Amino acid sequence: MTFNLMVCAEDHSEVSQNDLVKSVFIYNFTKYIHWPSDDTSDVFNIGIFGENDINIPLREIARKKTVSGRKIQIKQYNSPEDIDHCHILFVPSGVKEMIPDILGEVKNKSILTVSDADNFSEQGGMITFILIEGKIKFEINIASLEQAKLTAGSELLKLAILVDENK
Amino acid sequence: MKKFRDLSIKTKLVLMQLLVTSVVLVFLGIFLIYDEWRNYKDSAVNQLTSSAQLIISNSISSLQFSDPAAAEEVLSSLNTQNEIVNAWIYNGEDKLFAKYSKAGYEHYTLSKINQEGITFSKGYITIAKKIMDDEEVLGMLSIRLDMSARWNALIRDIYSIILAFVAGIVTAFLLAILVQRKISGPLLELTNKTEQVAKTGDYSLRIENISSDEIGYLGSAFNRLLEQTQLREQELSMAREQLQIVLDTVPGTISWLDSNLNYLGVNRRLADTFGLKPEDFIGQNLGFKGSSEEFVAFVRKFFNSKNKQVYKEINAIIQNQPYTHLIIGQKYGDDKFAVFIGIDITRIKEAERSIKLSEERFALVLEASNTGIWDFDILNNAAYYSPRWKAILGYEEHEIKNTSEEWENRLHPDEKERIIKLFDDYMANPQGQLVYEYRLRHKDGTYRWVYDRSTALRNEQGKSYRMLGSIYDITSRKNAEAALQEAHNNLEIKVAERTRELAEANIRLQELDRLKSMFLASMSHELRTPLNSIIGFTGLLLMGMAGDLNDEQKKQLDLVKNSAKHLLDLINDILDISKIEAEKIDLDINEYNLKELIDEIIAEASPLVNGKDLQLVGDVSNDLNMTSDRRRVKQIVMNLISNAIKFTDRGSVSVKAALNPDNMLEFVVTDTGIGISEEDQKKLFAPFQQLDMSSSKKYDGTGLGLYLCSKLVDILGGKIEMNSALGKGSTFTFILPLVYSDKIGKEKE
């Protein structure tokens, strides 16, 4: 993808291909997800729970890109209580024990939750990266989205594997 | 192949319409085809563009989330469009992301396209478009469309257009043929009429059925042209006739030639000079018989020169006649032709020569005649005196000026006033010549008499403006006249005296002569009476009335009779002469026939011929009548004939009478006798003259006959003369008026 070159130009330590794809996907989600219109913040916050390598490519994107004209700010949370106002929250698979707490914390907030942990969707997460035949795909839990008053564009839904936790 | 220009108007019209139609149709066809093709292409491009747009908008997410299957699904929607045969999507890393191929087009591969655009190649259109999200290029879409179906449709369209084209051409051709008849019909008539006019020169032809369009206008213009041409032609031929008349009337010869020395024309006078007609010259080269050699040489030289105009006198012999012509040549039209006018100055030249001759002669005569000439120019008070005039007065040429005073001042004081008055009077009213004599002072102071003969010249108003005269020195004549006058005066006195004496003597002599004649007249009569008795009785004796006579007696009596007869003749002649001289002769004038008279004379004279070898001939026409004294005429002729017979022994004696050219009767008596010597002829008609006295014995006569004859001829108003030579016979000729009149007789007296 197009960020490849940019990332390579950085002097940071090696970033894994998967992290890169994930970070791009996260950015691209902003184009298909609609947040409630009462959001008046002038900064688009992307939160990362705990230490994770993905923050390198995400910070790179944040440096260069905007979302609907708003600057992107990367926030790092180390405990569920830290989580404050953000638009997207990435939960790496390394903290999957804390997923129920985190999801409980953001419940009823318009925060798009994304994770690469198994069963994230089953636990009430909104978008989950999965690896199919070596390629990164993603699941969407529409019910969770609706609960958080978020909507997803049909284009996105068409590409996603849809999960319904009620089933 | 014919050039277009030479084609008939009919063909031209058809061809032009066909050409126009073809061009329009071809352009239209090309435009239609092009437009159609462009439509096909544009619609193909539009189709491709909209398809691409659709594909792109539907494939962005598949690219963003690296889902080729989704992309291919999007691409597979293209199968609803038959012409789109291939589609490819390359991702941002230039890797083939998704691909679509219609059945039968799977083998086709596309190399990566990096730029947006539309390419046409081998019946296909390929559109390449970037797939973008915001500013971000996600990949590249290429769609390929097969144009063959549209191409086939286009070819079908072209077939239709060609079919329409052919139909259009055929229709246009048929229409053109129909239309051209409307246009070329009148044009053909115009052409035919033009040709007819050109061929026949008949300008009275006209175009009929004139329409009101441009061709009709052409027709009426043609008619007007013909009308004007006809008019011009008439004017031209009239002008030509007039020109010919003028040329022929000009008192000179006119010819005009082109620079090739060919005659373009001549006037009649020139042609007449050569005995030719003007037409004979046209087109002939200069050297032909209608040009003199001198003219040929002149014209050649003129054309070879750079002169525009030339004058020359040419002498030439034409038709054996010498001519002098003054020729004027003038080149015209860039020297393309020249006109020559010749004036016959032969007469003028002759006149000049004769004037010159006569002037020279006159000058010589003047010089020789000692005549001095003067000439007064009265108006300018100038005068001219000839050298001789000055010489008469002893002056050299330069010593007398050319003024009239030189003359006036030399007049004699005694007569100066008179001469000047005479001169002025004559000038005031000149009648004939003024001839006068007067004196002029010589250089040596003496006066010279001159005889002056002068004439005044008058202008139209009758005023004398010039006076010319000649003087002649008559001084010596005047002197001689004076001397003569004196001698004359003396002589006249002497002559008067002598005349008076002579007149007295003359009167006495006349009286004496008259008395003599009277005496003779009366005496002759007295003498004749006894002689008649002697002759009568001698005759009786010879006839033997008084008894026979012997030969000796007869011979002696013959002598007596002849002598008596001779004496009687002599007396008769003397009587006649004396009557004539006494002016007592009486004439008995009657009309009578001359032939009868001559016959009578011949008859009476024939006895005289006895014993001679002589022929007596009378020659006079029957119808000649004469009015005169018959007896006297007979006497004259008889006398001449008897004389002739007397002196002629053999040959002939003839008498001829006829009218001469002056309407006088001419009598000619000719003999072949002894003739008369020149010396004797002088005294022939004198009285009592017998020629050659020694021969008087042989030719006895009275010697009065010819004298009497001449007197009688004289009285009858005639003339006698003779012509003879010794030994060659004599001819006596006398003429008498056919009708005697008193007047003639009296004039003679």
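**Exercise 1. Locate A:Asn119 in this predicted model and decide whether it is buried, partly exposed or exposed.**

Solution. Begin with the position in the chain: A:Asn119 sits in the loop that joins β6 (112-115) to β7 (127-132) of chain A. Next, look at the backbone, where the phi angle of A:Asn119 is near 60 degrees, which is a positive value in a residue other than glycine. Finally, compare the accessibility with the cut-offs: buried means under 20%, exposed means over 50%, and partly exposed is in between. Because the relative accessible area of A:Asn119 is 48%, this residue is partly exposed.

**Exercise 2. Carry out the analysis for B:Gln319: which loop holds this residue, and is it buried or exposed?**

Solution. In chain B, the loop between β8 (309-318) and β9 (321-332) contains B:Gln319. The phi angle of B:Gln319 is near 50 degrees, again a positive value in a residue other than glycine. The relative accessibility of B:Gln319 is 52%, so the residue counts as exposed.

**Exercise 3. Check whether the length of helix α8 of chain B agrees with its number of residues, and then describe the surroundings of the helix.**

Solution. Helix α8 of chain B covers residues 346-369, which is 24 residues. The expected span is 1.5 Å times one less than the number of residues, and for this helix it comes to 34 Å. The C-alpha atoms at the two ends are 33 Å apart, and therefore the model agrees with the expectation. Turning to the side that faces the protein, B:Thr346, B:Lys349 and B:Leu366 are buried residues in α8(B). The buried residues of this helix pack against four strands of chain B, namely β8, β9, β10 (337-344) and β11 (371-377). After the helix comes B:Asn370, which has a positive phi near 60 degrees.

**Exercise 4. Decide whether the loop residues B:Gly717 and B:Glu415 are buried or exposed, and find what lies around them.**

Solution. Take B:Gly717 to begin with, which is placed in the loop between α17 (705-715) and β21 (719-724) of chain B. Its relative accessibility is 9%, so B:Gly717 counts as buried. Although B:Gly717 and B:Ile735 are 18 residues apart in sequence, their C-alpha atoms are 8.6 Å apart in space. Now turn to B:Glu415, which belongs to the loop between α10 (405-408) and α11 (416-428) of chain B. With a relative accessibility of 5%, B:Glu415 is therefore also buried. When residues up to four places away in sequence are left out, B:Glu415 touches B:Tyr438 and B:Arg439.

**Exercise 5. Describe how chain A and chain B meet: how many residues take part, and what area is buried?**

Solution. Count the residues on each side: chain A contributes 16 residues to the contact and chain B contributes 17 residues. The area buried between the two chains is about 1,400 Å², and carbon and sulfur atoms give 47% of this area. Across the interface there are four salt bridges, including the one between the side chains of B:Asp133 and A:Lys31, with a distance of 2.6 Å from N to O. Six residue pairs between the chains are in polar contact, with both residues at pLDDT 80 or more. On the side of chain A that touches chain B, the elements giving two or more residues are α2 (17-29), β8 (135-141) and α6 (154-159). The largest share of that side, four residues, comes from α6(A).

Key
Residues numbered from 1 in each chain as written. Chains lettered and ligands numbered in written order. Predicted model: local features only at pLDDT ≥ 70, side-chain atom pairs only at ≥ 80, totals over all residues. Heavy atoms only, no water. Buried < 20%, exposed > 50% of the residue type's maximum accessible area, 1.4 Å probe, protein only. Contact = heavy atoms within 4.5 Å. Buried area = accessible area lost by both parts, 1.4 Å probe. Polar contact = N/O pair within 3.5 Å; in protein donor to acceptor, adjacent residues only side chain to side chain.
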